[in-house]
Amino acid sequence: ILLVFRTNNSYDRWWEGRKQWGALVNHCRNLAVQIETTFPREALDEKHTLAKHISNFCFAFTEHLRKGVVLDNLIFLSDEEKAEYDTKSHIPNHISLQIHQEVYKMYQVDGITDIDHLNIKIHTQALLDILGACERIKKTPIPFSYSIFIKIFILLYGMLLPFAIYGAFGFYTIPNVMMVFFAFIGVEMLGAEIEDPFGLDCNDLPTGSISHTIKENVFEILEHRKGHEQEQKLYEKIH
């Protein structure tokens, strides 16, 4: 029962992370579609800037949940922007601010209507909502005392099990105990493996690949071309 509870909690965290990233894909696509349909046709620079910011938000989001944002992995950044980003402790939050500012600039010059601005705002606000939900998963691990208790319980169970079954199995007690112990340890390790779904382990979420998908979709909507056309170092490892 304890192991099942541990594994279920870990899987719930993994699945919640996947749902949040699925919502991020949908909101980014919807945001790009709203911008393309409501912004004036001649607002090409603004559309390019927003495509860049949306893509960079996802790339920064990915690394923010790992070991920190690597500026070289962001696209279309000028030296001034790199210097500005280098002063920020929370780069995804700053990029979200830039997206809001670009949309509001268009609203101020009557490029979009009040209704259009409100419809776009739903998707721009959702970016930080999703970020906050993933940060909650990342920064709230399963309690350490609970994890340690399960490991001690498995160890004691494995040590005492031979005395309980030796009379029935004789020398077959050794392989039987090894098999049971392996199963218990495997379930515990499985729970620990998927507890943090945002890393680079083989069982973690492919957030890097999802970010690339968002980038391709956003550039295709806003600039009618694929986002990988620029010659700049991006994510060599798609994960």
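Student: At what relative accessibility does Lys151 count as partly exposed?
Tutor: A good place to start, keeping in mind that this is a predicted model. Buried residues fall under 20% and exposed ones are over 50%, with partly exposed in between. Lys151 belongs to that middle class, because its relative accessibility is 38%.

Student: Which residue meets the side chain of Lys151 in a salt bridge at 2.7 Å, N to O?
Tutor: Lys151 sits in helix α6, and its partner is in helix α7, 37 residues apart from it in the chain. That partner counts as buried, at 4% relative accessibility. The residue that meets Lys151 at 2.7 Å is Glu188.

Student: Which residues are linked with Arg6 in a network of salt bridges?
Tutor: Start from the pair just discussed, Glu188 and Lys151, whose side chains meet in a salt bridge. Both belong to the network that holds Arg6, and one further residue takes part. Linked with Arg6 are therefore Lys151, Glu188 and Glu195.

Student: How far apart are the closest N and O atoms in the salt bridge of Asp196 with Lys138?
Tutor: Asp196 lies in the loop between α7 and α8 and Lys138 in helix α5, so the pair ties together parts 58 residues apart in sequence. Asp196 is partly exposed at 30%, and Lys138 is partly exposed with a value of 30% as well. A salt bridge needs a nitrogen and a carboxyl oxygen within 4 Å, and the closest N and O atoms of Asp196 and Lys138 are 2.8 Å apart.

Student: Are Arg66 and Glu63 buried or exposed?
Tutor: The side chains of these two, Arg66 and Glu63, meet in a salt bridge at 3.5 Å, N to O. The cut-off for buried is under 20% relative accessible area. Arg66 has 16% and Glu63 has 13%, so Arg66 is buried, and Glu63 is also buried.

Student: Which residue's side chain makes a polar contact with the side chain of Arg66 at 3.0 Å?
Tutor: Look in helix α8, where this partner is found. The partner counts as buried because its relative accessibility is 1%. The side chain that makes the 3.0 Å polar contact with Arg66 is that of Thr207.

Student: How many salt bridges does the count come to?
Tutor: Among them are the pair of Arg66 and Glu63, that of Asp196 and Lys138, and that of Glu188 and Lys151. Side chains of opposite charge can pair when their charged atoms come close. Over the model, the salt bridge count comes to 12.

Student: Which element gives the largest share of the largest nonpolar core?
Tutor: This core has 42 residues, and those with the most contacts inside it are Trp21, Leu24, Ile54, Phe57, Phe61 and Ile214. The elements giving two or more residues to it are α1, α2, α4, α5 and α8. Eight residues make up the largest share, and they come from α2.

Student: Which residues does Leu24 touch, not counting those up to four places away in sequence?
Tutor: Leu24 is among the residues with the most contacts inside the core of 42 residues. In soluble globular proteins, nonpolar side chains tend to be buried together. With those up to four places away left out, Leu24 touches Phe57, Cys58, Phe61, Leu127, Ile130 and Ile214.

Student: Which helix gives the most to the nonpolar patch?
Tutor: The patch covers about 960 Å² of surface and is made by Phe144, Ile148, Ile152, Leu155, Leu156, Met159, Leu160, Phe163 and Phe181. Leu155, for one, is partly exposed with a relative accessible area of 45%, and Leu155 is found in helix α6. Eight of the patch residues come from the helix that gives the most, α6.

Student: What is the phi of Phe76, which is not a glycine?
Tutor: Most residues other than glycine have a negative phi. Phe76, placed in the loop between α2 and α3, is partly exposed at 22%. Its phi is positive, at about 55°.

Student: Near what value is the phi of Asp110, a residue other than glycine?
Tutor: Asp110 is found in the loop between α4 and α5. With a relative accessibility of 69%, Asp110 counts as exposed. Its phi, again positive, is near 65°.

Methods: Residues are numbered from 1 along each chain as its sequence is written. This is a predicted model: local features need pLDDT of at least 70, side-chain atom pairs count only at pLDDT 80 or more; totals for chains, interfaces and linings use all residues. Side-chain values use heavy atoms; hydrogens and water are left out. A nonpolar core is a set of buried Ala, Val, Leu, Ile, Met, Phe, Trp, Tyr and Cys residues joined through side-chain atoms within 4.5 Å. Buried means under 20% relative accessible area, exposed over 50%, partly exposed in between (1.4 Å probe, protein chains only). Helices (H or I, at least four residues) and strands (E, at least two) are DSSP runs, numbered from the N terminus. Contact means heavy atoms within 4.5 Å. A polar contact is a pair of N or O atoms within 3.5 Å; within protein, one must be able to donate a hydrogen and the other to accept it, and residues adjacent in sequence count only if both atoms are side-chain atoms. Patches are made of residues with over 30% relative accessible area and no salt bridge: like charges are joined within 9 Å, nonpolar side chains (Val, Leu, Ile, Met, Phe, Trp, Tyr) within 5 Å. Accessible areas come from the Shrake-Rupley method with a 1.4 Å probe; for residues, only the protein chains shown count as cover.
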